Amino acid sequence: MDYAKLLAYCQDQQPEMLDVIETLVNIETPSNDKPRLDAFAQLLADRLSTAGATVELIPNESTGMHVRATFGDQQSDQKPALVLCHYDTVWPVGSLETHPFRVDEQGWAYGPGIFDMQSSLVLSEYALKAIHALDLTVPRPVTILITSDEETGSYTSRALIEAEALKSAYVLVMESPLPGGVLKTTRKGGGHFELHVKGKAAHAGVEPEKGISAIHELAQQILMLHELTEMDLGTTVNVGVISGGTVSNTVAGAAHAIIDTRAWTQDEADRLVREITNLAPITAGAELEISGGWNRPPLERKVTGDLFEKTRSIGKKLGLSLEEGGTGGGSDGNLTGAMGVPTLDGLGVPGHGAHADHEHIETDKIHTSLALLVGMLMEL
């Protein structure tokens with residue numbers, strides 16, 4: 001690899017890439033808007049096809065179509081590389097009115113979803129263009145999988161992601177990096193549980209002794225749930241939403257809680273599942289109904305470390321000093337890593353503020369992010 005030539009090419013492409021990023025950011029794609037998502041999927045398919053990929057749109061009844069693009073020698077006996085992206089965002093329609101695309105004086109570009117992760121879609125497309133323009137031959141086939149529901153839990157895309165990962169040599173997750181361009185080698189896994197308490201309603205003044213307060217039972221369960229948190233291990237349980245009862249002069253006959261759980265390791269995730277699913281009533285006569293489970297397993301360094309070290313070596317050839325870190329949020333990389341497939345996350349354009357008012361990318365880092373992606377596809 002001639003890395004000086006690669007960097008120069010990517011630098012030349014940077015202004016055009018920023019224009020394409022602006023185009024994508026200006027098309028709103030909230031996770032729950034199927035018509036907008038489908039139209040955006042078609043746009044991505046057209047762009048990737050024009051760039052030289054073979055593209056398939058995968059139908060999806062409940063949310064947007066998923067996009068699968070392949071290039072390189074599909075008859076090769078080498079396992080493909082999987083580049084994993086999503087195109088849905090958390091931003092509702094109308095966000096552009098209050099958060100228009102703009103570039104400030106320090107070269108930071110703002111806009112809904114620009115960091116997470118519309119700029120990464122452009123990196124994936126232009127990696128293909130760079131390989132063609134520089135007359136490079138990838139050592140293994142490449143699959144780019146772009147899904148439509150990552151922000152809402154990947155419920156329709158999970159089976160597809162896992163099937164592609166099983167066929168792949170490694171997975172590059174184009175999620176936004178940590179501040180400073182730090183790559184993600186660990187992510188907490190996350191679970192979602194719901195606890196429904198059934199009590200017995202009664203008049204709070206006339207015959208309270210005949211009631212069984214679901215709210216009182218829930219309050220005791222909440223205390224027990226929060227005691228499952230182990231901050232030293234990074235394990236957290238958070239009862240984030242509660243509801244119950246009808247009016248103040250009635251003993252509550254029902255109450256409900258929604259619970260978020262996070263853990264760095266599968267051992268801790270398994271512990272929380274056991275503890276929560278085995279909760280027992282404390283108040284005589286109360287009944288508990290527990291639903292939900294673990295949505296994303298933890299991404300642990302045992303499946304990311306080797307890939308990161310190889311990537312750091314590639315980065316040095318580009319003049320980059322890559323670092324690694326972890327985050328409490330999950331991604332589709334959690335799914336592929338849990339399968340034992342080598343996975344590296346956080347390969348998007350450096351910036352900050354995912355899902356926040358100040359969401360932005362650093363435009364002078366677009367070309368180095370592209371060069372790193374190309375270098376990885378060529379060397380890994």
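Which elements do the buried residues of α2 pack against? In this model they pack against α1 (3-25), β1 (54-58), β2 (66-71), α4 (114-133) and β6 (142-147), and I would like to build the talk outward from that helix.

Before I do, a word on the basis of what I show. This is a predicted model, in which local features need pLDDT of at least 70 and side-chain atom pairs count only at pLDDT 80 or more, while totals for chains, interfaces and linings use all residues. Residues are numbered from 1 along each chain as its sequence is written, and side-chain values use heavy atoms, with hydrogens and water left out.

Let me start with the chain as a whole. It has 10 helices and 18 strands, where helices (H or I, at least four residues) and strands (E, at least two) are DSSP runs numbered from the N terminus. Its C-alpha atoms fill a box of roughly 85 × 45 × 40 Å, taken along the principal axes. Of the 380 residues, 54% count as buried, and here buried means under 20% relative accessible area, exposed over 50%, and partly exposed in between, with a 1.4 Å probe and protein chains only. When I speak of contact, I mean heavy atoms within 4.5 Å; of the contacts in the chain with a separation of 6 or more, 80% are between residues 24 or more positions apart.

Now to α2 itself. This helix covers residues 34-50, has 17 residues, and reaches 24 Å from its first C-alpha to its last, close to the 24 Å expected at 1.5 Å a residue, the expected span being 1.5 Å times one less than the number of residues. Its buried residues are Leu37, Asp38, Phe40, Ala41, Leu44, Ala45 and Leu48. Seen down the axis of α2, these fall within an arc of 165°, so they line one face of the helix; the arc is that of the directions from the helix axis to the C-beta atoms. On the other side of α2, Pro35, Ala39 and Thr50 are exposed. After the helix comes Gly52, whose phi is positive, near 110°.

Several of the strands I have named belong to an open sheet of six, in the order β1-β2-β6-β3-β7-β16, with mixed pairing. Two strands are taken to pair if DSSP finds at least two bridges between them. β1 and β16 (343-344) stand at the edges, each with a single partner strand, so one side of each is left without a neighbour in the sheet. For β16 the connection is to β7 (residues 170-173), to which it is joined by two bridges, the two strands running parallel, and Thr343 in β16 is the bridge partner of Val171.

What lies across these strands? One element is α4, which lies across β2, β3 (81-86) and β6 and runs at about 145° to β3. Another is α5 (residues 158-166), which lies across β1, β2, β3, β6 and β7 and runs at about 170° to β6. For both angles, axes are lines fitted to C-alpha atoms, for helices over the stretch in contact, and angles run from 0 to 180 degrees between N-to-C directions. The buried residues of α5 are Leu160, Ile161, Glu164 and Ala165, and they fall within an arc of 130° seen down its axis, so they line one face of the helix. Ala159 and Leu166 are exposed on the face turned away from that buried side.

In the loop between β6 and α5 we find Ser154, which counts as buried because its relative accessibility is 0%. Leaving aside neighbours within four places in sequence, Ser154 is in contact with Asp149, Arg296 and Asp332.

Finally, the cores. A nonpolar core is a set of buried Ala, Val, Leu, Ile, Met, Phe, Trp, Tyr and Cys residues joined through side-chain atoms within 4.5 Å. The largest has 67 residues, of which Ile146, Leu172 and Leu377 touch the most other members, and α4 gives the most to this core, with 11 residues. Apart from it lies another core, of 19 residues, among them Phe193, Ile222, Ala263 and Trp294.

I will close with Cys10, in helix α1, which at 0% relative accessibility counts as buried. Cys10 and His367 are 357 residues apart in sequence, yet 4.9 Å apart in space, C-alpha to C-alpha.
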